[in-house]
Amino acid sequence: MQTPAPTIDLSDIRFGADLKELTFADVAQDKARVVAETGAGERNKSTQLRKFYDELVMWHEKVNLARSDAERTERYREAAPFIKMMIAKVTYARGRKHVDDCFEKLFTHVVRQIRCPTTLKHAKLFMEAFMGFYKAEEKTKEK
């Protein structure tokens, strides 16, 4: 009998006006725990996940370091196709067995939530919190 594929509930991750108080705390910690468990020490290495976070940070900086709202909006409009391309990159990483299905679903969901400079900032902050919790989970599993 085959065990069912691991799943991750993403319904509690919403950015923008729907941003909940514990998104960057309890929610990010829960997702880090799930992704650490499903990777089973073979996939989802923090160095691999960090690459996705670093790219998200790079896009955040390109967009949100503009001085005016209008300039941020224009920079976001120009960057949006490249931001959304990160979905293809995480799918490719899963295909190469660098990340598992749960991380791919999580990161894809986060990127799909990005619709403007504000939601880009929320996505970056969520992944920042996730990475901090993930590193702690990884250390716990090493012991």
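Okay, one bit of vocabulary before anything else: when I say helix, I mean a DSSP run of H or I with at least four residues, and the helices are numbered from the N terminus. With that in place, Arg 96 is in the loop between α4 and α5. And keep in mind throughout that this is a predicted model.

Let me stay with that loop for a moment. Arg 96 has a relative accessible area of 49%, so we call it partly exposed. Lys 97 sits in the loop between α4 and α5 too. What about its phi? For Lys 97 that angle is near 65 degrees, a positive value in a residue other than glycine. Is Lys 97 buried or exposed? It comes out at 53% relative accessibility, so exposed.

Now compare that with Asn 44, which you'll find in the loop between α1 and α2. Asn 44 isn't a glycine either, and it has a positive phi of about 60 degrees. But this one is buried, because its relative accessible area is 0%.

Asn 44 also brings us to the core, since it is one of the residues that Val 35 touches. Leaving out anything up to four places away in sequence, the others on the Val 35 list are Ile 8, Leu 49, Cys 102, Phe 103, Leu 106, Phe 130 and Tyr 134. So where does Val 35 fit in the bigger picture? The largest nonpolar core has 41 residues, and Val 35 is among those touching the most other members, along with Ile 83, Phe 103, Leu 106, Phe 126, Met 127 and Phe 130. Which helices feed this core? At least two residues each come from α1 (23-39), α2 (46-64), α3 (69-84), α4 (86-95), α5 (101-112) and α6 (117-142). The largest share is from α6, with eight residues. And to tie back to where I started, Arg 96 and Val 35 are 61 residues apart in sequence and 17 Å apart in space, going C-alpha to C-alpha.

Next up, a helix pair. How do α2 and α3 pack? Their axes are 8 Å apart, at an angle of about 155 degrees. Anything over 145 counts as roughly antiparallel, so that's what we call α2 and α3. On the α2 side you have Trp 59, Lys 62, Val 63 and Asn 64, and they meet Arg 72, Arg 75, Tyr 76, Ala 79, Phe 82 and Ile 83 in α3. By class, that's six nonpolar residues, one polar and three charged.

Let me pull out Arg 72 from that list. It lies in helix α3, and at 18% relative accessibility it counts as buried, because the cut-off is under 20%. What does the Arg 72 side chain pair with? There's a polar contact of 2.5 Å to the side chain of Asp 69. Beyond four places in sequence, Arg 72 touches Val 63, Asn 64, Ala 66, Arg 67 and Pro 117.

Last residue: His 109, over in helix α5. This one is buried as well, with a relative accessible area of 16%. Its side chain reaches the backbone oxygen of Leu 10 at 3.3 Å, and there's a polar contact of 3.2 Å between the side chains of His 109 and Arg 14. Setting aside neighbours within four places in sequence, His 109 is in contact with Leu 10, Ile 13 and Arg 14.

That's my tour, thanks.

Conventions:
Residues numbered from 1 in each chain as written. Predicted model: local features only at pLDDT ≥ 70, side-chain atom pairs only at ≥ 80, totals over all residues. Heavy atoms only, no water. Core = buried A, V, L, I, M, F, W, Y, C linked by side-chain atoms within 4.5 Å. Buried < 20%, exposed > 50% of the residue type's maximum accessible area, 1.4 Å probe, protein only. Contact = heavy atoms within 4.5 Å. Polar contact = N/O pair within 3.5 Å; in protein donor to acceptor, adjacent residues only side chain to side chain. Axes fitted to C-alpha atoms, helices over the stretch in contact; angles between N-to-C directions. Parallel < 35°, antiparallel > 145°, perpendicular 65-115°, else oblique. Nonpolar A, V, L, I, M, F, W, Y, C, P; charged D, E, K, R; others polar.
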